[in-house]
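Below are some notes on the model you sent. They are given as numbered points, starting with a question about a single residue.

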Amino acid sequence: MAALSEQSLTDVRRLLKLHRDWLSNIPGGRRADLRRMSLNDMDLRGADLRMALLQGAVFLDSDLSDANLTGAQLDNADFRQALVARTDFTKAHIEAVRFDSAVLSGAMFEEAQVIDCTFRSARLEGARMLDVVLFRTEFTGAILDRSAFHQARITECKFQDGTMADAVFPQARIQLTEFSRMNAPGCSFAGAKLQSTSFVRCDLNNAKFNRATLAKAEFLRTTLRNSDFRDCMAECSDFSASMLQGSRFSGANLFAADFRAANLTGAKEMTGEKLSRARTADTTILPNGKAGPYLKHSGAERPAMNFDNRGSAIR
């Protein structure tokens, strides 16, 4: 690491002052160049690091709450265990950065490029990732409750063993991404486009996929009770062994969708035509609560009753 690791906090403040002057076009100002420097255990709350050069900088256990890193260059930086709550990473370039175990509650990544990064066990409650590009990034064990991914482009990412309650992905473009064992009730993918994306053993009760495009999406052994699939395009999607009691399917395209071993008891707006074009088997529980496969004109598409999120009938 560079010599900054041995300088006092006063020296760091001086560098930040010169950076502020540079941002304001004040003579004598200088852009902050903290590349490959150690800034461990430092109090950088509210620091103005817009456009700063921070490639390879290390912020282990530092406090950057409410800091502004808009447009900063952060490739290979290290934010493990740092406090980064409400920090602004708008339009930053963030490649090969480690955010493991960091607190990023309320952080903003709007229009940022996030590539080959890790957020293992990070706290991202209420994080704003609007128009973000996420590529080959891992969120194992992360807390993403109430986070927002409006119009995000998410490719080859992993979301596993974490929580994502009430997170929203409206109009997002998600492909080749894996959601495994995520606790995500109430999350919304309304209007999103998901291609070759999988949800395995997730809790997606009360989720919204209305108007979504689910191109070869997989929902394997996932709970989707009382979820909304109205007007979604789900051709060739796989719902094998998933729990779909009470979910809604008005206007959905379910051509060649696989419902083998799925539980559709109480599913609403599931017409005979939709079930005829989908794949069912004797392991399917049809909307009327009886075992499949679906037979035309059997009336099995009519829902038997309503269900709560635990699968219990509501009288």
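1. Is aspartate 63 buried or exposed? Aspartate 63 is buried, since its relative accessible area is 17% and the cut-off for buried is under 20%. Please keep in mind that this is a predicted model.

2. Aspartate 63 has a charged partner: its side chain meets that of arginine 45 in a salt bridge, with an N to O distance of 3.9 Å. Both residues sit in the loop between helix 1 (9–23) and strand 1 (93–95), where they are 18 residues apart and link distant parts of the chain. The pair also belongs to a network of salt bridges, in which Asp43, Arg45 and Asp63 are linked.

3. A second pair worth inspecting is arginine 136 with aspartate 116, a salt bridge whose closest N and O atoms are 2.7 Å apart. Arginine 136 is in the loop between strand 3 (133–135) and strand 4 (153–155), while aspartate 116 is in the loop between strand 2 (113–115) and strand 3, so the bridge ties together parts 20 residues apart in sequence. Arginine 136 counts as partly exposed, at 40% relative accessibility. Aspartate 116 is partly exposed too, with a relative accessible area of 31%.

4. The third pair is aspartate 228 and arginine 230, whose side chains form a salt bridge at 2.8 Å, N to O. How buried or exposed is each partner? Aspartate 228 counts as buried, at 9% relative accessibility. Arginine 230, with a relative accessible area of 30%, is partly exposed.

5. These pairs are part of a wider set: the structure holds 18 salt bridges. On charge overall, the protein has 42 positive and 38 negative charges, and the mean positions of the two groups are 4 Å apart.

6. As for the overall layout, the protein has two helices and 13 strands. Along the principal axes, its C-alpha atoms fill a box of roughly 80 × 30 × 30 Å. Of the contacts between residues at least 6 apart in sequence, 8% join residues at least 24 apart.

7. On burial and surface, 53% of the 315 residues count as buried. The accessible surface comes to about 13500 Å², and carbon and sulfur atoms account for 45% of that area.

Key: Residues numbered from 1 in each chain as written. Predicted model: local features only at pLDDT ≥ 70, side-chain atom pairs only at ≥ 80, totals over all residues. Heavy atoms only, no water. Helix = DSSP H or I, 4+ residues; strand = E, 2+ residues; numbered from the N terminus. Buried < 20%, exposed > 50% of the residue type's maximum accessible area, 1.4 Å probe, protein only. Contact = heavy atoms within 4.5 Å. Areas by Shrake-Rupley, 256 points an atom, 1.4 Å probe, with all protein chains shown as cover. Lys, Arg positive; Asp, Glu negative; His and termini not counted. Charge placed at Lys NZ, Arg CZ, Asp CG, Glu CD. Salt bridge = Lys/Arg side-chain N within 4 Å of Asp/Glu carboxyl O.
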